[in-house]
Structure formats: C-alpha cells, structure tokens
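Hi,

Here is the structure I said I would pass on. Have a look at it first, and my notes follow underneath.

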Amino acid sequence: MSSVRQAVEWGFGKILTEFAFLDLKKNQKIHLQEVGKMYKVGVLSTNCHTCLYGSQGSNYFNILPPTLEQYLNLHNQ
C-alpha cells in the first residue's frame with residue numbers, strides 16, 4: 001500500500017511543481033481568492049500535462065497515461 005500512497009503524493013507534488021502558486025499554505029488567501037476553482041484548473045492542467053509528457057507515477061508503474069483526446073473525451077465514444 002505504501003507504493004500507492006507514494007504515487008498519490010507524487011501527483012500532488014507535480015501539481016505544486018507545475019503551479020507553485022497553488023501551494024495553499026504559502027500563497028492562497030481563502031476568503032479573497034477562488035481557491036477551489038484555481039486548484040481544480042491546476043489539477044486539470046496537470047493531468048493534461050501528464051497525458052502529453054508522462055509522470056513519475058506512470059514511469060514507476062510502467063503504464064502509459066491516456067492520450068489527451070482520451071482524457072478529455074474528444075471522440076465522444
């Protein structure tokens with residue numbers, strides 16, 4: 001179970017690496033900014049980045065992430 005937990009932590013770490021302003025403890029002002037919306041956009045953008053370039057988790061588990069088209073469901077299956 002620890003390897004799965006570690007992979008989840010890599011995902012959160014990638015979000016903060018790609019979008020450092022989303023580090024809630026350092027930068028976000030809960031009542032002055034749309035924190036929830038900003039974080040959701042950061043997660044969506046990070047997932048798109050993973051589809052295009054892979055991630056530490058996909059390399060570790062030796063799996064390919066979905067294509068960007070599959071992730072965004074652009075082909076209306």
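**The aromatic cluster**

Trp10, Tyr60 and Phe61 are joined into a cluster by ring pairs. Before going on, keep in mind that this is a predicted model.

I searched the whole structure for aromatic pairs, and three turned up. One of them is Trp10 with Tyr60, an edge-to-face pair with 5.3 Å centre to centre and 75° between the planes. What I like about this pair is where its members sit: Trp10 belongs to helix H1 (residues 2–18) and Tyr60 to helix H3 (residues 56–60), so the contact links distant parts of the chain, 50 residues apart. Tyr60 also pairs with Phe61, and here the ring centres are 5.0 Å apart with the planes at 90°. Why does that pair count as edge-to-face? Because an angle over 60 degrees between the planes is what the label asks for, and the planes of Tyr60 and Phe61 are at 90°.

Are these two rings buried or exposed? Neither, quite: Tyr60 is partly exposed, with a relative accessible area of 48%, and Phe61 is partly exposed too, at 38%.

**Helix H1**

Back to the helix that carries Trp10. H1 has 17 residues and spans 24 Å from its first C-alpha to its last, close to the 24 Å expected at 1.5 Å a residue. Its buried residues are Ala7, Lys14 and Ile15. They cover an arc of only 100° around the axis, so they lie on the same side of H1. Turn to the face pointing away from that buried side and you will find the exposed residues Arg5 and Thr17.

**The largest pocket**

The other thing to look at is the largest pocket, which holds about 340 Å³ of space. It is lined by 19 residues, and the closest to its centre are Gly11, Lys14, Asn47, Thr50 and Ser55. Lys14 is thus worth finding on screen, as it is also on the list of buried residues of H1.

Which elements build the lining? H1, helix H2 (35–53) and H3 each supply at least two residues, and the largest share, six residues, comes from H1. By type, the lining divides into 10 nonpolar residues, eight polar and one charged.

So H1 comes up in each part of these notes: it holds Trp10 of the aromatic pair with Tyr60, its buried residues share one side, and it gives the pocket lining its largest share.

Cheers

Technical notes. Residues numbered from 1 in each chain as written. Predicted model: local features only at pLDDT ≥ 70, side-chain atom pairs only at ≥ 80, totals over all residues. Heavy atoms only, no water. Phe/Tyr/Trp six-rings, centres within 6.5 Å; stacked < 30°, edge-to-face > 60°. Helix = DSSP H or I, 4+ residues; strand = E, 2+ residues; numbered from the N terminus. Buried < 20%, exposed > 50% of the residue type's maximum accessible area, 1.4 Å probe, protein only. 1 Å grid on protein atoms, 1.4 Å probe; cavity = no way out; pocket = protein on both sides within 12 Å on 5 of 7 lines; lining within 4 Å. Points joined across faces, edges and corners; volume = space filled by probe spheres on them. Nonpolar A, V, L, I, M, F, W, Y, C, P; charged D, E, K, R; others polar. Expected span 1.5 Å × (residues − 1). Arc of directions from axis to C-beta.
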